[in-house]
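Grab a pencil and have a look at the two chains below. Try each exercise before you read its solution.

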Amino acid sequence: MSLTHIHNPAAVLQSLKLPLFSSKVSAGFPSAADDFIERSLDLNEFLIKHPASTFFAWAQGESLRDIGIHDGDLLIVDRAAARTQGAVVVAAIDGELTCKILDVRHKKLLSANPDYPPIEVAGREDLLIEGVVVYSIRKHHRA
Amino acid sequence: MIALVDCNACYVSCEQVFRPDLRGQPVIVLSNNDGCIIARSKEARALDIPDLAPYFKLKPLLQKHKVKVFSANFRLYGDISNQVMANLRLFSPSVEQYSIDEMFLDLDHMPDDMNKYALKIKNTLWRHARMPVGVGIAPSKTLSKLANHAAKKIKNNNVAVLDTPEKWQWLQKRLPVNKVWGIGSKLTKRLEGIGIRSAYELAQADPKWVRRFTSVNVEKTIEELNGQRCIELEEVPEPKKEIFVTRSFAHKIEKLEDMLRHVSRYAVAAAEKLRTQDGYCQTLYVFAHTSRFHENFYANSLVVQLPYPTSDSRTLVSFSRLAMKQIYREGCKFNKCGVGLLDLRDRRFYQSDLFRPEQSVKSEALMSALDRINYRYGRDTVTIGAEGLTGRWTMKQQKLSPSYTSSWRDLPVVR
């Protein structure tokens with residue numbers, strides 16, 4: 001069994017290398033810009049700070065609509081990131097994975113949609129923060 | 001000091017990572033082909049569900065207790081294991097991954113209080129990877145294994161530090177000798193023959209005297225049991241000396257063409273493994289047998305000396321097929337076959353011989369292209385024709401969990 005493959009950020013990061021600069025190939029004069037190609041941009045490196053504690057998930061529903069997380073968005077969730085006031089988190093509530101805004105001060109999990117009431121955290125043993133949503137990715141071009 | 005960290009009921013814990021609803025529930029994982037039980041959660045163990053028992057026999061008991069059953073999803077376990085191991089590497093610059101769910105960590109020169117450090121490892125692994133682990137810390141590898149064993153017995157803690165002779169001797173007096181790392185069933189019998197039954201009796205025995213009845217390894221084990229570090233961490237894993245790919249079939253096979261297809265698949269899988277360790281294989285082993293529990297039991301195998309060292313899937317497939325044609329016998333209901341690559345060597349140090357044929361440069365390029373395509377676009381994107389077109393492993397996997405970590409379609413959904 002091969003344990004390495006592309007979609008898992010934890011495995012050796014398999015990156016898509018995009019050149020920082022590029023220039024047309026021309027016969028005769030080499031382009032001066034080619035001398036400045038030093039490294040490639042790696043989206044994994046940019047989006048994932050802790051590969052060993054990061055996972056991907058799909059957002060479903062519109063409970064975080066007002067902070068710009070919509071149905072079908074890709075979430076990058078880091079279990080190691082600090083759980084600060086206002087952080088968007090994935091929580092396990094009653095065995096289900098739910099995306100909420102962490103309100104440490106009032107011990108609540110908030111939504112960003114008036115249709116979804118806040119959840120009291122205090123005294124709930126079935127509630128566990130799984131990780132922090134560090135990025136959400138949304139597709140804008142519907143081809 | 002050396003720590004041994006291992007995952008509690010690893011495969012079950014992997015199934016629970018993205019399923020918080022299953023944590024604290026009776027859950028089991030089945031072997032390939034849904035044959036027998038290979039992992040049980042604490043709650044499943046409490047229901048007296050035996051380890052390694054055939055699944056079909058236990059179905060009624062499992063249904064009665066609403067035990068959640070999973071087919072082995074080794075891809076998922078491999079991914080989660082990678083994350084676990086990456087997190088463990090944060091705790092020591094010098095480590096040895098011992099198996100998919102165990103790692104030794106060298107903790108010399110770590111300033112922390114060992115108990116605190118062990119707890120920190122445990123808590124970090126839960127937070128960063130959602131993996132419950134046990135941590136055993138002691139002056140030698142053998143003792144850290146014992147400490148880890150003890151850690152499992154300590155409720156809600158899973159951490160044990162054996163840092164003084166009093167502590168490890170207390171434990172050794174309570175453990176039979178077969179619980180000692182490296183003491184298998186044969187050695188246990190031999191040791192019992194000279195009156196050694198507990199781990200403590202082994203630790204107290206004269207190493208030179210015991211060696212006369214066993215081996216130099218047992219002598220080392222005795223030193224280790226007394227807190228002497230004799231077995232060092234193997235930081236770079238040794239390349240495998242042999243590679244085996246074998247499977248029991250979901251349904252018995254009688255036709256030669258089906259056997260050929262299977263053996264071709266296994267040869268391709270073995271060749272892929274061989275190329276990941278940059279190896280060449282000189283000797284091929286092919287076997288097949290019918291069920292031992294039915295009449296007319298038939299088993300046969302063949303060792304093939306290859307014309308030159310190779311890692312080419314096509315060469316290995318064609319010789320495996322030749323061998324299978326020899327082994328095959330009409331009327332037999334085969335239930336297992338396999339391919340072994342023996343006599344492996346490192347391709348990089350291969351010395352060519354002017355007067356002997358060898359693997360062509362073109363073949364290397366083709367295989368490397370094949371591996372890259374299958375790596376990028378998924379297994380079996382390009383296959384050898386002899387493998388057949390119906391998917392590589394026609395395995396019974398009726399209870400397979402989603403590929404949470406390896407397929408965009410199967411990522412966990414967050415509401």
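Here are four exercises on how chain A and chain B of this predicted model meet.

**Exercise 1. Find how many residues each chain brings to the contact, and how much area is buried between chain A and chain B.**

Step 1: Count the residues on each side. Chain A brings 38 residues and chain B brings 31 residues.

Step 2: Turn to area. The size of an interface is often given as the accessible area lost when the parts come together. Between chain A and chain B, about 3300 Å² is buried.

Step 3: Look at the atoms behind that area. Carbon and sulfur atoms give 55% of it.

**Exercise 2. Work out how many salt bridges link chain A and chain B, and which elements of chain A do the touching.**

Step 1: Count the salt bridges. There are three between the two chains. In one of them, Arg23(B) pairs with Glu130(A), and their closest N and O atoms are 2.8 Å apart.

Step 2: Add the polar contacts. Counting pairs with both residues at pLDDT 80 or more, you get 18 residue pairs between chain A and chain B.

Step 3: List the elements. On the side of chain A that touches chain B, two or more residues come from each of strand 3 (54-59), strand 4 (74-78), strand 5 (88-93), strand 6 (96-103) and strand 9 (127-137) of chain A. Strand 3 of chain A gives the most, with six residues.

Step 4: Sort the residues on that side of chain A by type. You end up with 22 nonpolar, twelve polar and four charged.

**Exercise 3. Trace the neighbours of strand 3 of chain A, then say whether this strand is largely enclosed or not.**

Step 1: Check one neighbour. Strand 3 of chain A runs antiparallel to strand 4 of chain A, and five bridges join them. Here Phe55(A) sits opposite Val77(A).

Step 2: Cross over to chain B. Strand 3 of chain A runs parallel to strand 13 (residues 413-414) of chain B, with two bridges. Trp58(A) has Val413(B) as its bridge partner, and Ala59(A) stands opposite Val414(B).

Step 3: Check burial. Five of the six residues of strand 3 of chain A are buried, so this strand is largely enclosed by the rest of the structure.

**Exercise 4. Put the strands of the open sheet in order and find which ones stand at the edges.**

Step 1: Write the order. The eight strands go 8(A)-7(A)-6(A)-5(A)-9(A)-4(A)-3(A)-13(B), and the pairing is mixed.

Step 2: Read off the ends. Strand 8 (119-120) of chain A and strand 13 of chain B each have a single partner strand, so one side of each lacks a neighbour in the sheet.

Step 3: Try a pair further in. Strand 4 of chain A is joined to strand 9 of chain A by five bridges, running antiparallel, and Val77(A) has Val133(A) as its bridge partner there.

Methods. Residues are numbered from 1 along each chain as its sequence is written. Chains are lettered from A and ligands numbered from 1 in the order in which they are written. This is a predicted model: local features need pLDDT of at least 70, side-chain atom pairs count only at pLDDT 80 or more; totals for chains, interfaces and linings use all residues. Side-chain values use heavy atoms; hydrogens and water are left out. Contact means heavy atoms within 4.5 Å. Buried area is the accessible area (1.4 Å probe) that two parts lose on being put together, summed over both. A salt bridge is a side-chain nitrogen of Lys or Arg within 4 Å of a carboxyl oxygen of Asp or Glu. A polar contact is a pair of N or O atoms within 3.5 Å; within protein, one must be able to donate a hydrogen and the other to accept it, and residues adjacent in sequence count only if both atoms are side-chain atoms. Helices (H or I, at least four residues) and strands (E, at least two) are DSSP runs, numbered from the N terminus. Ala, Val, Leu, Ile, Met, Phe, Trp, Tyr, Cys and Pro count as nonpolar, Asp, Glu, Lys and Arg as charged, and the others, Gly among them, as polar. Two strands pair if DSSP finds at least two bridges between them. Buried means under 20% relative accessible area, exposed over 50%, partly exposed in between (1.4 Å probe, protein chains only).
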